[in-house]
Amino acid sequence: MNDNKRKRRRRDSGNIPDFEDVHGGNVESDQFDVEKQGGVKTKELKEIITSLVLLEEQEKRDQEEFAKEEEEEKLFYESNHEKKGRVMLDYYTQLQECYKDSDVKDGIRKRKGRANGTAVVATALSAAAIGAAGNEVVLWNNKDGGGDQGEKGVKGAPQRRLWVKDRSKAWWDQCNSAEFPEEEFKKAFRMGKDTFEIICNELKSSVAKENTMLRDAVPVRQRVAVCIWRLATGEPLRLVSKRFGLGISTCHKLVLEVCSAIKTVLMPKYLQWPDEESARRIKDEFEAISGIGNVVGSMYTTHIPIIAPKISVAAYFNRKHTERNQKTSYSITVQGVVDAKGVFSDVCIGWPGSMSDDQVLEKSALYQRASQELLKGVWIVGGSGYPLMDWVLVPYTQQHLTWTQHAFNEKTGEIQRIAKDAFARLKGRWSCLQKRTEVKLQDLPVVLGACCVLHNICELRNEEMDPELNYDLIDDEMVPEIPLRSVNAMKARDAIAHNLLHHNHAGTSFLS
């Protein structure tokens with residue numbers, strides 16, 4: 001009965017399945033879903049594997065293509081290199097053949113040149129012979145760029161000068177004429193005509209050259225003028241060349257030759273240490289100026305600017321000038337001793353600009369002369385850059401000076417000013433010393449020595465300098481490492497200072 005009731009309820013409900021049916025139906029659905037999902041994953045995995053295989057095959061093909069291209073490029077470069085090698089070898093062979101042809105042509109040209117030269121000499125000799133027989137021999141200007149003056153053998157048969165370019169000498173011809181004003185000549189050459197003539201006469205035997213068959217030698221006056229003009233103005237050689245109608249290399253050669261002759265011929269006469277008689281006169285002149293006895297010279301050291309040398313650059317570096325001018329400076333030194341008139345009696349030229357005044361002094365011939373006791377009993381007055389020694393008298397340099405020491409410094413300053421003014425006139429008169437020059441470093445001492453000798457000649461002949469040429473001399477003094485080198489010199493300096501005060505030479509006469 002119970003079973004029948006249950007069956008009726010099922011029929012009545014209709015839509016409600018049995019528990020077992022419902023449960024059984026759900027299990028089958030889940031299994032189907034799982035199988036479906038597994039099939040999808042397998043398919044995706046296969047696709048991934050297929051993609052990897054394709055990528056691997058593609059990469060393999062790419063590598064094979066790259067290797068193939070690399071091999072083709074290598075073969076191309078090797079082929080190109082071989083072609084270039086063959087071309088270079090062919091070019092070298094042609095070049096060698098060209099050189100051989102050129103050597104043959106040069107030999108033919110030289111033989112023709114020697115033949116022509118022989119013909120020219122023969123023609124000139126025959127012309128000279130005809131001229132000696134009474135026929136007229138005149139000069140002929142070469143219109144084809146020949147030279148200053150060519151030769152004309154027999155009248156009507158012109159012969160050209162060789163190797164000489166035609167240049168204008170109008171400016172020098174004007175200066176060399178007797179009508180040229182004295183003041184203009186002095187302004188151009190820093191000296192009068194008479195002084196210039198004296199220098200030319202004394203250098204004539206050293207600088208004169210003979211004429212040749214190819215060209216006329218440059219006259220002595222023009223040689224000396226080129227040198228003096230170059231030293232006086234400091235003009236570049238190309239401008240000097242245009243002014244005098246000479247080649248640039250010729251002007252450079254003339255400057256060095258004349259400067260060397262001045263050093264050889266004129267320096268022993270115009271720049272020498274004074275003998276006993278001259279030393280006595282100089283002592284009297286300095287004592288009249290300062291009241292200090294036995295002074296034979298005033299010493300000063302200046303710097304000449306140069307172009308940075310190729311070797312030992314640090315040695316020529318001028319630190320003081322660089323700091324003051326805010327521009328890298330190189331220089332060489334010129335130490336000079338002058339008499340009471342500002343005439344040089346000793347010079348030391350060419351030591352590097354990095355050296356201090358006392359270091360330059362120790363390298364000088366003057367120091368060697370003093371070491372041999374040849375300056376015993378005399379004084380040379382220097383600035384604070386020099387040490388106090390048995391023969392070098394320098395001012396007091398301590399901070400707190402007594403009246404006696406201050407008065408002594410004023411008197412030594414007057415003597416020191418003579419040397420400084422002499423160097424100012426030297427640089428003002430010879431402007432080449434004011435700026436960096438084209439002269440090589442090894443030739444510069446000869447040029448500077450010539451400037452000092454010419455300065456002495458002008459000073460001895462009382463050649464007044466144009467006020468426009470005044471030069472403000474600025475040199476930095478460095479305190480020496482050992483400022484006091486002689487106890488005897490210190491005592492002697494104190495005695496001199498006391499005597500100046502005692503004999504009213506120190507500007508203290510109002511105290512008596």
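These exercises walk through helices, a sheet, aromatic pairs and single residues of one predicted model.

Residues are numbered from 1 along each chain as its sequence is written, and side-chain values use heavy atoms, with hydrogens and water left out. In this predicted model, local features need pLDDT of at least 70 and side-chain atom pairs count only at pLDDT 80 or more, while totals for chains, interfaces and linings use all residues.

**Exercise 1. The sheet**

Task: Give the strand order of the open sheet of five strands, and find its edge strands.

Solution.
- Step 1. Strands (E, at least two residues) and helices (H or I, at least four) are DSSP runs, numbered from the N terminus. Two strands pair if DSSP finds at least two bridges between them.
- Step 2. The order is β6-β5-β4-β7-β8, and the pairing is mixed.
- Step 3. The edge strands are β6 (344-352) and β8 (392-393), since each pairs on one side only.
- Step 4. Take β4 (residues 295-306) and β5 (residues 330-338): they pair in the antiparallel sense over nine bridges. Here Ile 306 stands opposite Tyr 330 in β5.
- Step 5. Turn to β7 (residues 379-381). β4 pairs with β7 in the parallel sense, over three bridges. Ser 298 has Val 381 in β7 as its bridge partner.
- Step 6. β7 and β8 also pair in the parallel sense, over two bridges. Val 392 in β8 is the bridge partner of Ile 380.

**Exercise 2. Around β4**

Task: Work out how many residues of β4 are buried, and which helix lies across β4 and β5.

Solution.
- Step 1. Buried means under 20% relative accessible area, exposed means over 50%, and partly exposed lies in between (1.4 Å probe, protein chains only).
- Step 2. In β4, 11 of the 12 residues are buried, so the strand is largely enclosed by the rest of the structure.
- Step 3. Helix α9 (residues 276-290) lies across β4 and β5. Its direction is at about 85° to β4.

**Exercise 3. Two helices that cross**

Task: Describe how α7 (residues 237-244) and α8 (residues 248-270) cross, and list the residues that meet.

Solution.
- Step 1. Axes are lines fitted to C-alpha atoms, for helices over the stretch in contact, and angles run from 0 to 180 degrees between N-to-C directions.
- Step 2. The axes of α7 and α8 come within 8 Å and cross at roughly 100°. That makes α7 roughly perpendicular to α8. The classes are: under 35 degrees roughly parallel, over 145 roughly antiparallel, 65 to 115 roughly perpendicular, the rest oblique.
- Step 3. Contact means heavy atoms within 4.5 Å. From α7 come Leu 237, Arg 238, Val 240 and Ser 241; they meet Ile 248, Cys 251 and His 252 of α8.
- Step 4. The residues of this contact divide into four nonpolar, two polar and one charged. Ala, Val, Leu, Ile, Met, Phe, Trp, Tyr, Cys and Pro count as nonpolar, Asp, Glu, Lys and Arg as charged, and the others, Gly among them, as polar.

**Exercise 4. Aromatic rings**

Task: Classify the pair of Phe 185 and Phe 196, then the pair of Phe 189 and Trp 229.

Solution.
- Step 1. Rings of Phe, Tyr and Trp (its six-membered ring) pair if their centres lie within 6.5 Å; planes under 30 degrees apart are stacked, over 60 edge-to-face, the rest tilted.
- Step 2. The whole structure holds 14 aromatic pairs. In one of them, the ring centres of Phe 185 and Phe 196 are 5.4 Å apart and the planes stand at 75°, so the pair is edge-to-face.
- Step 3. Phe 185 is in α4 (residues 182-189) and Phe 196 in α5 (residues 193-207), 11 residues apart. Phe 185 is buried at a relative accessible area of 1%, and Phe 196 at 0%.
- Step 4. Phe 189 and Trp 229 are edge-to-face too, at 5.9 Å centre to centre and 65° between the planes. Phe 189 is in α4 and Trp 229 in α6 (residues 220-233), 40 residues apart. Both are buried.
- Step 5. These four belong to one aromatic cluster: Trp 171, Trp 172, Phe 185, Phe 189, Phe 196, Trp 229 and Phe 244.

**Exercise 5. Leu 231**

Task: Place Leu 231 and find its contacts beyond four places in sequence.

Solution.
- Step 1. Leu 231 lies in α6 and counts as buried, at 1% relative accessibility.
- Step 2. Its contacts, leaving aside neighbours within four places, are Cys 259, Trp 430, Ser 431, Cys 432, Val 447, Cys 451 and Leu 454.
- Step 3. Leu 454 is 223 residues away in sequence, yet 9.9 Å away in space, C-alpha to C-alpha.
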